[in-house]
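Please open the structure in the viewer and keep the sequence panel visible. The stops below are intended to be selected in turn.

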Amino acid sequence: MAKIENGRQSVDTRSIRTINSSHIDDESSLGSDSEINGFTSDRQTDKYGFIGGAQQCSEASAQDVPPEVLRQREVKWLDMLNHWDKWMIKRFDKVRLRCQKGIPPALRGRAWLYLSGGKVKKEQNQGKFQELDSQPGDPKWLDVIEKDLHRQFPFHEMFVSRGGHGQQDLFRVLKAYTLYRPEEGYCQAQAPIAAVLLMHMPAEDAFWGLVQICEKYLPGYYSPGLEAIQLDGEILFALLRRVSPLAFRHLEKHKIDPILYMTEWFMCAFSRTLPWASVLRVWDMFLCDGVKVIFRVGLVLLKCMLGTREKLKACQGQYETMELLRAIEPRYMQEGFLVREILEVPVTARDVEREHHTQLKRWKKNRGELNFKPPPRMHGARLIMLAEPPRRQDLKQNPTIVLEGPQPATQLKGKEEKKSKKKKSVKKSQPIAEIPNPYPLPNDPQPPRLDPPAPPPVRNETPEAAPQTETDSLHQQQAPPTDLPPAKESNLQRSTQSLSSTEQDTYL
C-alpha cells in the first residue's frame, strides 16, 4: 500500500516552485490534498487527518475526553489566552497543569503559539515573513528542501499531494527560515517540526513557531556539525544512570553511543516516533516546560525497553539492542501510560542544566571548543516570556479569518450620525396629535381646524386646546413673521420623515 501511494510521486515531476494556486480550482469539489491526489471517500481518515491511521494506530492509543469536559477546558483556555501575561506570571503552575491534562484541540494551535513566544515574535516583526517569502532563496537549500517535502507525513491528507497546499506552505516556511538564519541554513529534521506546526496554524504562525523552537527550546540542534544534539545525547546517557541503572550498564557494555538511537527522537521532538495522540500531549508539555520533557520521554522509553532482565535476555548484542529500540512496544507509547510515566520521572530543568555544564567541560577537554556556539537554552514558556517581556498589544488576539460583509448604501459618520440621533430624539418629544371624535356631543368643545401645510407653518390654537409642551412653546418663540418670504425646510421639519426608509435606516 505504501509503495503504491509513494509511487505516485514519481509520476508528477513538477517542481514545487513552479506550482501555484492557479493549478487548483478553488471552486472545485475537491476539499483536500488527499482527494486531489486520488484518495477519495473510500479512504477514511482519522480525526487527526491521517489516512488509514498510518501514524502508529493513533485511534487505538487515543483517550477520548467527554464533550462536557472538553467544553469546560476550552472556556478555561480562552480565559487564559485573553489574560496571558497575568496567568504566566502569577499562576504559571495552573498553566502547566492544564498543559499536562492536554490542550483542547480547537485551541491547540493558538496555545502553542502563545506558549512558544511565537505570537510576540510575530507582532514585533510585522511583515518579516512576507518579506522573506517574497525572496527567491538560496538554490542549494531550495533543492534539498524540495526533495524532503514528500517525506513529511506522507499519509496525512495535508501533505499527501505533491504540490498541494500543505507542501507549498511547508516549502515557504522552510525557505523563509534559511533566509532568516543563513548561517544555519536547512536541516532535514526541521521539516517534520514545521509540518506539525502547519497542521495547527497558518504558514506565518508556523514560521515563528519554528524560529522559537530552533532558537529557544532546541538551540544548536540544526546547526552544522550537530554538536548540540551530540552533547544532549551525553546528557541523556548520564541521566539514565540515575533513572535506570540496568539500562545504563547494558548500553555501556555494548558501547552503544546515544547518538545512534536518540537523534531522531530529540531532533524531531518524537513527532516521527510516537502515536499521534501521544505526540500532541508531549508537545503540549514540551512547549510549556521546555526540553526536560523531551529528556523524560527518552528516559521512559529506554527504561521500559531495557529496564528489566527479561528484556535484556532478548538483546544480547549491539544489533539486537538497536532493533529493539527501533521497534518500541505500542503499550509503552500509549497516551495515558506515557504521560503518567513522564510526570513521574525525577528529572528537572536544574538537573539538565547541571549535567549540561558537566558534559560541556568534558567535551572541551576531549574535543576542544564548540565550533558553533548556540544561544542559551530557555526551559519553558515562562522563562521565554520573562527574558523578552511582551507588550500588551503583542498579546492581543487577532482573528485569522475576516469576512467582509456588504457595505451599506449610505453610512452616517461623525456629524451626520449625531444629527440623525438628534432628529430621532426631537421626533420622540413631539406630542401625539389628537384624533377628533367623528360623533361629537353638543357640549364638546369644537376641535381646531387643520389648515393645509404651508411654509412657514403657523399654529392657530385656541385657549381651550391642550396645554402646550416645551417643544410647542419653542416653536412659537422662534416662529418668523408672516410677512417674510417662505424659509427653507428646517432640519426639525425634515425629522418628521420616517426613519424606516432605506436611505436613513442605520439602527436596524
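The tour begins with confidence and then visits a loop residue and a surface patch.

This is a predicted model, in which local features need pLDDT of at least 70 and side-chain atom pairs count only at pLDDT 80 or more, while totals for chains, interfaces and linings use all residues. Residues are numbered from 1 along each chain as its sequence is written, and side-chain values use heavy atoms, leaving out hydrogens and water.

**Confidence.** Colour the model by pLDDT, the predictor's confidence in each residue, from 0 to 100. The protein has a mean of 79, and 67% of its residues reach 70 or more. Select helix α12 (residues 190-198), where confidence is highest at a mean of 97, and then helix α1 (residues 2-7), where it is lowest at 38; helices are DSSP runs of H or I, at least four residues, numbered from the N terminus. Next select residues 460-482, where the pLDDT is below 50. Where pLDDT is low, the predicted coordinates should not be read in detail.

**Gln397.** Select Gln397, in the loop between α24 (381-387) and α25 (415-429). Is Gln397 buried or exposed? Its relative accessibility is 25%, so it counts as partly exposed (buried is under 20% relative accessible area, exposed over 50%, partly exposed in between, with a 1.4 Å probe and protein chains only). Beyond its neighbours within four places in sequence, Gln397 has contacts (heavy atoms within 4.5 Å) with Leu81, Asn82, Arg110, Tyr114 and Lys119. Arg110 is 287 residues away along the chain, yet the two C-alpha atoms are separated by 9.2 Å.

**Ile89.** Finally, select Ile89 in helix α5 (residues 84-90). Ile89 has a relative accessible area of 46% and is therefore partly exposed.

Definitions and conventions: Helices (H or I, at least four residues) and strands (E, at least two) are DSSP runs, numbered from the N terminus.
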